[in-house]
Amino acid sequence: MDIEKVNSMDFGEFVDVFGNVIERCPLIAAAVWSQRPFSDLEDLKKHFFAFIDALPQSGQEGILRCHPDLAGSELRRGTLTAESQREQSAAGLTSLGADERLRLAELNAQYRARFGFPFVLAARFSDRAEVSRELARRLLCPSAQELRTALGEVKKIGSLRLADLLCADPAKL
Ligand SMILES: NC(=O)N[C@H]1NC(=O)NC1=O
């Protein structure tokens, strides 16, 4: 899909196509549509990220809370979004043994109890061993730093999803 096609979309089509660039936050795509026309993919991405950056902390934490746990109950129940399913699958999280799944569930619960939002990581840049390692490491980080790190991961996930939609090379994003 090229940028002319993106710029020609009406509101409904745009939200249908870009509504899950930020996991389960179609409101962001709805707001970004008003900023068209976009000059290119980079410009489109900037508008998504500017919306996130302009939110108060409660809104930024709300975005994080829209993310399903990695290797969590939604994956087991098959209720993940198509994008999240693909990303968790790419990191090998769909084929964990019972022990690994339990350890991740425990770490996810500790993380959520400490920070008040779920652990977020761009799974496509990771494998299952790294997910556990990162989770254990980030559990010990100060809250303000962790919020920044987690939002950086949301942006990485969004960049990859946008690149998929526009068939771009993610390395150039
Ligand atoms: N919790 C979390 O990081 N979930 C996200 N990560 C990712 O790559 N896809 C997701 O849904």
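This report looks at a predicted model: its annotated domain, two helix packings and the ligand shell.

## Ground rules

Local features need pLDDT of at least 70 and side-chain atom pairs count only at pLDDT 80 or more, while totals for chains, interfaces and linings use all residues. Numbering starts from 1 along each chain as its sequence is written.

## The annotated span

An unreviewed UniProt entry annotates residues 7-163 as "domain: Oxo-4-hydroxy-4-carboxy-5-ureidoimidazoline decarboxylase"; such annotations may be inferred rather than shown by experiment. That span is 67% helix and 0% strand, with its end C-alpha atoms 16 Å apart. Helices here are DSSP runs (H or I, at least four residues), numbered from the N terminus.

## H4 on H10

H4 (residues 41-54) packs on H10 (residues 143-165) at about 150°, axes 11 Å apart. That makes the pair roughly antiparallel (over 145 degrees, on a 0 to 180 scale between N-to-C directions). Among the residues that meet, with C-beta atoms placed from the backbone within 7 Å, are Phe 48 and Phe 49 in H4 and Gly 158 and Leu 162 in H10.

## H5 on H10

H5 (residues 57-65) crosses H10 at roughly 55°, and their axes come within 10 Å. The two are therefore oblique, a label for angles outside the under 35, 65 to 115 and over 145 degree ranges. Gln 60, Ile 63 and Leu 64 of H5 touch Leu 147, Ala 150, Leu 151 and Val 154 of H10.

## Around the ligand

The ligand has 15 residues around it (C-beta atom, placed from the backbone, within 6 Å). His 67, Ser 84, Glu 87, Val 120 and Ala 123 are the closest.

Note on methods:
Contact = placed C-beta atoms within 7 Å.
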